[in-house]
Amino acid sequence: MQILDSSRMLGALLGTTPTEQAVIDDLVAANRILADKAVVEAFGQVSVRHRVNAQRFLLSRDLAPAFVTANDIVEYDLDGNAFGAKPGFTHLAERFIHAEIYRMRPDVNSVVHSHSTALMPFANMQVPLKPMSHLAAFLAPDVPIFEIREAAGGMTNMLIADARLSRSLAESLGRSSVVLMRGHGSLIVASSISLAVFRAIHTLINAQIQMQAMVSGGPMTFLDPEEAEKASKAIDQMHLRAWDLWKRGLRASEGAVDEKVGLAPA
């Protein structure tokens, strides 16, 4: 993998314009929020497409999402080459997933990859994940499942760590908002980082609701396709209330931690 002029590029990345700094701040917040909501833990990641150069995206270095700071953000091109990486940084092998999604889906500006245990049953069985809540209407019309054995033509270590498998995963996603990965996790996409985080959280919540309904043994009612389409358009416009709540909560909790250790909140 090519690493280009790392220290100079990182300084340029973090110090160019207030708009770009705001994108980096949102990416850091997204990592922390997803960790707090148990969408990701030691593994999993979130990225955002570069606002100026659509052929690049921002993603953290190989680090647990809960620990990501602005200094850990790296700029990548769609071949996985890194710009703005400090010497000694290790890079996520799954960055190729993000690259191929951005290459194939120009409408996507943010990607979340999760290994959430709440979604794993639906990735491994023949019961489709469907929207039970209007907040998860984006799950319609369907949630495809990526089968790595078919894509690889045999057995693998289950990781999507190259462009070829990542391209197959992007093809499985198609025009959907979510794709499940058998034995691995999920991939959630959206037109903005706030919406991607919202969808990732409510995909997990919907899976929990659906599993509870399945355990109860009663009949299940899902959103009608027309209901889902109308609800999804409304939620896409309204989700920023939740994003604001999560960011405020994050600042409050991190401020409390800073105060306990004798530091002034940032």
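Modeller: Before we start, when I say that residues touch, contact means heavy atoms within 4.5 Å. And keep in mind that this is a predicted model.

Colleague: Fine. Let's use that on Ile 145, then. Which residues does Ile 145 touch, leaving out those up to four places away in sequence?

Modeller: Ile 145 contacts Phe 122, Ala 123 and Met 125, and also Val 179, Leu 180 and Arg 182.

Colleague: And where does Ile 145 lie?

Modeller: Ile 145 belongs to strand β7. Its partner Leu 180 is 35 residues away along the chain, yet the two C-alpha atoms are separated by 4.7 Å.

Colleague: Is Ile 145 buried or exposed?

Modeller: In between: Ile 145 is partly exposed, because its relative accessible area is 38%.

Colleague: Let's zoom out. How many helices and strands does the protein come to?

Modeller: Nine helices and nine strands. The protein has 266 residues, and 49% of them count as buried.

Colleague: What about the surface: how much does the protein expose, and what share do carbon and sulfur atoms supply?

Modeller: About 12800 Å² is exposed, with carbon and sulfur atoms supplying 56% of that area.

Colleague: And the contacts between residues at least 6 apart in sequence, what percentage of those join residues at least 24 apart?

Modeller: For the protein, that comes to 67%.

Colleague: On to helix packing. What is the angle between α3 and α6?

Modeller: Helix α3, residues 95-104, packs on helix α6, residues 163-173, at about 50°, and their axes are 8 Å apart. That makes α3 oblique to α6. The two helices have a right-handed crossing.

Colleague: Which residues in α3 and α6 meet there?

Modeller: From α3, Phe 96, Ile 97, Glu 100, Ile 101 and Met 104. From α6, they meet Ala 163, Ser 166, Arg 167, Leu 169, Ala 170, Glu 171 and Leu 173. Sorted by class, that contact of α3 with α6 has eight nonpolar residues, one polar and three charged.

Colleague: Staying with helix α3, which residues does His 98 touch, not counting residues up to four places away in sequence?

Modeller: His 98 lies in α3, and its contacts are Gln 45, Val 46, Ser 47, Phe 57, Leu 59, Val 111 and His 113.

Colleague: Is His 98 buried or exposed?

Modeller: His 98 is buried, at a relative accessible area of 0%. The cut-off for buried is under 20%.

Colleague: Back to helix pairs. How do α2 and α7 cross?

Modeller: The axes of α2 and helix α7, residues 193-216, come within 10 Å and cross at roughly 5°. So α2 is roughly parallel to α7. The contact uses Asp 26, Leu 27, Ala 30, Ile 33 and Leu 34 of α2, together with Ile 193, Val 197, Ala 200 and Ile 201 of α7.

Colleague: How does the contact of α2 with α7 divide into nonpolar, polar and charged residues?

Modeller: It has eight nonpolar residues, no polar ones and one charged.

Colleague: Switching to backbone geometry. Which residues are joined by a cis peptide bond?

Modeller: Ala 140 and Pro 141, where omega is about 5°. Pro 141 sits in the loop between α4 (120-124) and β7 (145-146).

Colleague: And what is phi at Ala 38?

Modeller: Near 65°, so positive in a residue that is not glycine. Most residues other than glycine have a negative phi, and most peptide bonds are trans. Ala 38 is in the loop between α2 (18-36) and β2 (45-49). Ala 38 counts as exposed, because its relative accessibility is 52%.

Colleague: What about phi of Met 158?

Modeller: Also a positive value, near 80°. The loop between α5 (148-152) and α6 holds Met 158. With a relative accessible area of 22%, Met 158 is partly exposed.

Colleague: Last one: where is Gln 55 found?

Modeller: Gln 55 is in the loop between β2 and β3 (56-60). Gln 55 is partly exposed, at 48% relative accessible area.

Colleague: Which residues does Gln 55 touch, not counting residues up to four places away in sequence?

Modeller: Tyr 76, Asp 77 and Leu 78. The C-alpha atoms of Gln 55 and Tyr 76 are separated by 8.6 Å, with their positions 21 residues apart along the chain.

Conventions. Residues are numbered from 1 along each chain as its sequence is written. This is a predicted model: local features need pLDDT of at least 70, side-chain atom pairs count only at pLDDT 80 or more; totals for chains, interfaces and linings use all residues. Side-chain values use heavy atoms; hydrogens and water are left out. Axes are lines fitted to C-alpha atoms, for helices over the stretch in contact, and angles run from 0 to 180 degrees between N-to-C directions. Helices (H or I, at least four residues) and strands (E, at least two) are DSSP runs, numbered from the N terminus. Angles under 35 degrees count as roughly parallel, over 145 as roughly antiparallel, 65 to 115 as roughly perpendicular and the rest as oblique. A crossing is left-handed if the near helix is turned anticlockwise from the far one by less than a right angle, and right-handed if clockwise. Ala, Val, Leu, Ile, Met, Phe, Trp, Tyr, Cys and Pro count as nonpolar, Asp, Glu, Lys and Arg as charged, and the others, Gly among them, as polar. Buried means under 20% relative accessible area, exposed over 50%, partly exposed in between (1.4 Å probe, protein chains only). Accessible areas come from the Shrake-Rupley method with a 1.4 Å probe; for residues, only the protein chains shown count as cover.
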